[in-house]
Structure formats: C-alpha cells, structure tokens
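Dear colleague,

I am passing on the structure we talked about, together with some notes on what turned up when I went through it. Please have the model open as you read.

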Amino acid sequence: MNFRTTFELKEAEKLLNLGDRVIFLGSCFSENIGAKLQYFGFDALINPFGTLFHPLAIAELLDEQDRPLRILNREGLFFTYETHSELRAKSESELCEMFEQKQVLLRAYLQKSKLLVITFGSAWGYYLNGSIVANCHKMPARFFEKKLSALEEMHCHWRNVLRALKAKFPDLEVMFTVSPVRHTRDGMIENQRSKARLLELVHTLEASYFPAYELMLDDLRDYRFYEADMIHPNALAVDYIFEAFAKQRINESARTHFPKIQKFRQFEAHQIKPFDQDRFDQHQEEVELKRGLLRCQIPDLKI
C-alpha cells in the first residue's frame, strides 16, 4: 500500500559541476537550498539584498534601471525600500555605498554564473505611492497600500527582465521556484490565492521551473515535515527537496563527492570546549589539513 503521491523529475539539460557559480534570489526558501549548495562546495551567492518575497521587488533589482533609492530614517538607522532590513547603515551615504557594492557583486556573479534561481514567496505586495516596496521596515501600515499584484503586471516586468538577462548573459540559465512556506498572516485563503498567482506567473515565463512547492505540498504533505510553527519546512524536508534538486540539476560525478564533503563538514563543525585551547588549536590544524587534502582531490571545491 502506498501512502504518498510521488513524482519523478526529469534531469535538466545543463547540469551543475563543483566550482560552478549559482545565484539565489528571493524568499528564505532560496536561502535554504543555496546554503546546501555552499555546504557541498559550490560558489553560491545568496540574497545579497536580503530576503525578498515579491516578484516585482526582485525584478526591480535585476532590471538595472537608474532609479533613486527610497531611503528612510528609523530610530537613527537608514534603510531603503528596495531591499530587506538587513541592509541598513548609520548614514544615507553609507547605505548608498553598501547598496552599490551589492549591485557590483551581483553583476560579477551574473557574468560568470551558470544558474540564477529565483524563488517567489508572495504575490501580496505593499505599495508606497504606487510603487512596490521590498520591505516595510516596520513603518506604519497607513503608509502603504496592500494588494494582490496583477498577473499581467508581474508578467510584463519579468518578461522584460528575462529578455535583458538573456541579451547580456547568454550562458546564464534562469530557474524559478515558488516557496512552499505559507504566508499565514495574510490568511489561509489569501495565501492560496497568492501562491496560485505565483504558480501561474512562473509558467507564463520562458524559463525553467523547479517544483519545490509541489514537493512540499503534494509529495511530503504532512506536518511532521514542518517546524514547530507549522509553516516553515524543517531540516528533513529541506534535505529531501535538496536531494530532488541535486538529482535534477547537479552532475552525477559531482554528487559522488558529497559523502566525503559531508564527512569533512561534520569534522569541521565539531565543538571543542572553549577553555581547552591546546585541543582547539590542534582541531583547527586538523581541519585545515583535511581541507587541503580535499581540495587536492577536488580542485574546484569551494570550502
């Protein structure tokens, strides 16, 4: 008797190898999968502008149009409505410089990356004077208009972004996912409307798709695969979805190295009592020795 509804994923035409650059932009689920790639030695750039949920907010960071930053001062710190709150500074000039550095970093990765993975989290957007914000930065709700963004509006923006990316970076593949994390604060029905709109959006665009949403909601489909908040996938679920991603997107020869990389990572993470300095120093020396040996065996490894 079968108690699950599973489905097979077709292997991608272009596969990743160890050492390849990959970019992850979007919701916190992008960070989960991106962190797994970093763990196994890939050169992954993860959310340089912080966690982003809305398709339009992500699109505006990729279209490279010359827009002035919308900067606000809250409790002595400066933020911009274009990014997550983790980008903050003590002065407006420092914030602008930080934003420019992140843009330069993203452009450098776009030039040499094989894959750009974009994870949409919610189609519910907060608009300030008619323009989407990436984050409200705890400003009063009366400042914003909350609405479910129109499919046509999001499609138009992303169609233009994809065309520009293809023209500038012809070797870059773009892949979309929809985050399985439910935005229950919007309401259960509202969350489903949002996810449905995101799913429709990604399938109207000329790009590949990874079914993280379907793996969580249709394959695993059980609260034992969630954290205690019953909203976020737990470590077991993330591992399962990453395994599906790896089988679809990563070269088999690269995957054969995963067990030895994991063994090194476990040794690297071994905790030494802080007062045992001699043992701590010895452990660090052993870590660097094992790291060097692993790099000799796998030259492209990024650890």
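Of the contacts in the protein chain with a separation of 6 or more, 68% are between residues 24 or more positions apart. Please keep in mind throughout that this is a predicted model.

**Overall build**

The protein chain has 10 helices and 10 strands, and its C-alpha trace spans about 60 × 60 × 45 Å along the principal axes. For 303 residues a compact globule would be expected to have a radius of gyration near 19 Å, and the 21 Å of the protein chain agrees with that. Buried residues account for 48% of the 303 residues. The area that the protein chain exposes comes to about 16500 Å², of which carbon and sulfur atoms supply 50%. As for charge, the protein chain carries 41 positive and 43 negative charges, and the mean positions of the two sets are 1 Å apart.

**Cysteines**

How many disulfides does the structure hold? The number is zero. For C28, the closest cysteine sulfur is that of C136, and because the two sulfur atoms are 17 Å apart, they are too far from each other for a bond. A further cysteine to note is C156, which counts as partly exposed because its relative accessibility is 32%.

**Helix α6 and the residue after it**

Helix α6, which runs over residues 212–220, is mostly covered, with seven of its nine residues buried. The buried residues are A212, Y213, E214, L215, M216, D219 and L220, so that a glutamate and an aspartate appear in this list beside residues such as leucine and methionine. Their cover includes three helices, α1 (28–39), α5 (188–202) and α7 (235–249), as well as the strands β9 (173–178) and β10 (208–209).

Just after α6 comes R221, which takes a positive phi of about 45°, a positive value in a residue other than glycine. R221 sits in the loop between α6 and α7 and is exposed, with a relative accessible area of 59%.

**The loop between β7 and β8**

A positive phi is also found at H137, where the angle is near 55° and the residue is again not a glycine. H137 belongs to the loop between β7 (131–132) and β8 (145–148). Is this histidine buried or exposed? H137 is buried, since its relative accessible area is 1%, whereas R221 is exposed at 59%.

The loop between β7 and β8 also holds M139, which is partly exposed, with a relative accessible area of 21%. Apart from its neighbours within four places in sequence, M139 is in contact with L72, R74, Y81 and F144. One of these partners, L72, is 67 residues away along the chain, yet the C-alpha atoms of M139 and L72 are separated by 9.5 Å.

**Three further positions**

L95 lies in helix α3, which covers residues 92–112, and is buried, with a relative accessible area of 0%. Not counting residues up to four places away in sequence, L95 touches I71, F78, F79, T80, L87, R88 and A89. A separation in sequence much like that of M139 and L72 gives another picture here, for L95 and F29 are 66 residues apart along the chain and their C-alpha atoms are separated by 26 Å.

I46 is part of strand β2, residues 43–46. Leaving aside neighbours within four places, the contacts of I46 are with F24, E31, G34, A35 and Q38. Between I46 and V22, which are 24 residues apart in sequence, the C-alpha to C-alpha distance is 8.5 Å.

R295 is found in helix α10, residues 277–297, and counts as partly exposed at 40% relative accessibility. Which residue 254 positions away along the chain has its C-alpha atom 10.0 Å from that of R295? That residue is G41.

With kind regards

Technical notes. Residues are numbered from 1 along each chain as its sequence is written. This is a predicted model: local features need pLDDT of at least 70, side-chain atom pairs count only at pLDDT 80 or more; totals for chains, interfaces and linings use all residues. Side-chain values use heavy atoms; hydrogens and water are left out. A disulfide is a pair of cysteine sulfur atoms within 2.5 Å. Buried means under 20% relative accessible area, exposed over 50%, partly exposed in between (1.4 Å probe, protein chains only). Helices (H or I, at least four residues) and strands (E, at least two) are DSSP runs, numbered from the N terminus. The radius of gyration is taken over C-alpha atoms; the globule rule is 2.2 Å times the number of residues to the power 0.38. Contact means heavy atoms within 4.5 Å. Accessible areas come from the Shrake-Rupley method with a 1.4 Å probe; for residues, only the protein chains shown count as cover. Lys and Arg count as positive and Asp and Glu as negative; His and the chain ends are not counted. The place of a charge is taken as NZ of Lys, CZ of Arg, CG of Asp or CD of Glu.
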